[in-house]
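Colleague: I would like to go through this structure with you, one question at a time. Please explain each term when it comes up.

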Amino acid sequence: MIGRLIAGVALLSLSSCGVDERPAHSAAPAAAAAPSYVVAIPVPKPTPLRINRAPRALEASISQLVREFPGIAGVAVRAVDEGWTVEAGGRRPLPQQSVSKLWVAMTVLDQRDSGRLRLTDAVSLTPADLTLFHQPSAFLVRNGIWNTTVSDLLFRALTQSDNTANDRLLTLVGGPSAVRAFIERKQLGEIRFGPGERLLQAKTAGLTWDQSMSVGNTFAVMRARLDPAVRAAAMQAYIDNPPDGAAPLAIADALARLARGELLSETSTRLLISTMESSRTGRARLKAGAAPGWTLAHKTGTGQELGRRNAGFNDVGLLTAPDGRRYAVAVMIGDTQRPMRDRQQLIQAVAATVTGYRGPSIAAREEESPES
């Protein structure tokens, strides 16, 4: 009978331990007689391990959306609490652009958690800190200096996608190597971090960065003067091997781990997610496709365009249902010639699919400038 254990086995097991408690001078006793009884211990049948499977309809819908989109795109959805994952094209590194501001923010908060900095710490910015593209804080550098705090820069970087605020935080935490060290230490997977906005964007355009490019529209003017073949080659090189590339699956997993409190302290986790909920960018992306009653904490990314071609059009974040269910979502378009409205509608469709939204789609096109 399965589960029957002979008591004699226990005696053999004890003797096999090599422990003999008899005095050294005593003689070995006669062999004990085998017991005339048995002990039966009932062994319950093993309970099958429950595996949460992703909804089949969601898998089919996400795959179809990516398959039919004209360009290189990747989508990943991870159920924060249930554990299942859906992805289509989610393992290929795609340009992050301003999505990479998330890793700078996490590095800042990780250093806060370890006591290396405080959110109330004073920070000064000068014209040497200015970057390019979207940088509202550039207007605050008056009389050659602007004094602010870590907390203010963090809020501007995440909610306005302010490039100058982000790059100043990057310098504060120790540069790109510090962010890469955080990504490696937390084992975030296929997520790269580039050299910072100025060097990344200059190289993508085919230029060599000079600080004078941060003033006015100097960068755009110098880029427009380039030989079109030079620009095309630089853009292609970036698309083929983006130094800020990340797999949507890795980003979705990192966001799920953030939501579960596995990356930062409880207070830093709450601060980061609540700040992401205040984001003002990408109103026609994930937010436009989510069903009523759902909340979104997210970060967008928008790359440069060359003619009709765009490299990097993204939205990643945490979607929370009215009943508390949470889903980490990453939608990334790495290369396409489709107009902005089509790119927005792909991202909206993913959000609508995840949240089960069946309402009217957002047809209005939101004009968006490169954030990165």
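Colleague: Which helix does Arg343 lie in?

Modeller: This is a predicted model, in which local features need pLDDT of at least 70 and side-chain atom pairs count only at pLDDT 80 or more, while totals for chains, interfaces and linings use all residues. Residues are numbered from 1 along each chain as its sequence is written, and side-chain values use heavy atoms, with hydrogens and water left out. Helices (H or I, at least four residues) and strands (E, at least two) are DSSP runs, numbered from the N terminus. In these terms, Arg343 lies in residues 340-355, helix α13.

Colleague: Is Arg343 buried or exposed?

Modeller: Buried means under 20% relative accessible area, exposed over 50%, and partly exposed in between (1.4 Å probe, protein chains only). A contact means heavy atoms within 4.5 Å, and Arg343 touches Phe69, Glu305 and Asn310, among others, not counting residues up to four places away in sequence. Because its relative accessible area is 2%, Arg343 is buried.

Colleague: What separates the C-alpha atoms of Ala328 and Val80?

Modeller: Ala328 is found in strand β13, and at 0% relative accessibility it counts as buried. Val80 is one of the residues that Ala328 touches, including also Ala252 and Leu318, when residues up to four places away in sequence are not counted. The two residues are 248 apart along the chain, yet their C-alpha atoms are separated by 6.5 Å.

Colleague: Why does Ala321 count as buried?

Modeller: Ala321 is found in the loop between β12 (313-320) and β13 (326-336). From Val354 it is 33 residues away in sequence and 10.0 Å away in space, C-alpha to C-alpha. Ala321 counts as buried because its relative accessibility is 5%.

Colleague: How many residues of helix α7 are buried?

Modeller: Helix α7 covers residues 197-205, and its buried residues include Glu197, Leu200 and Ala205. What covers them includes α3 (101-113), α5 (163-173), α8 (218-224) and α9 (228-240). The helix is mostly covered, and the number of buried residues among its 9 is 7.

Colleague: Which helix gives the largest share of the largest nonpolar core?

Modeller: A nonpolar core is a set of buried Ala, Val, Leu, Ile, Met, Phe, Trp, Tyr and Cys residues joined through side-chain atoms within 4.5 Å. The largest has 56 residues, of which Trp103, Ile191, Ile251, Leu255 and Leu272 touch the most other members. The largest share of this core, 9 residues, comes from residues 248-259, helix α10.

Colleague: How many residues are in the other core that lies apart from it?

Modeller: In soluble globular proteins, nonpolar side chains tend to be buried together. Val75, Trp84, Leu296 and Val331 are among the members of this other core. The core has 30 residues.

Colleague: Over which residues is the pLDDT below 50?

Modeller: pLDDT is the predictor's confidence in each residue, from 0 to 100. The protein averages a pLDDT of 88, and 83% of the residues score at least 70. One stretch has 14 contacts in the model beyond near neighbours in sequence, and its pLDDT is below 50: residues 1-31.
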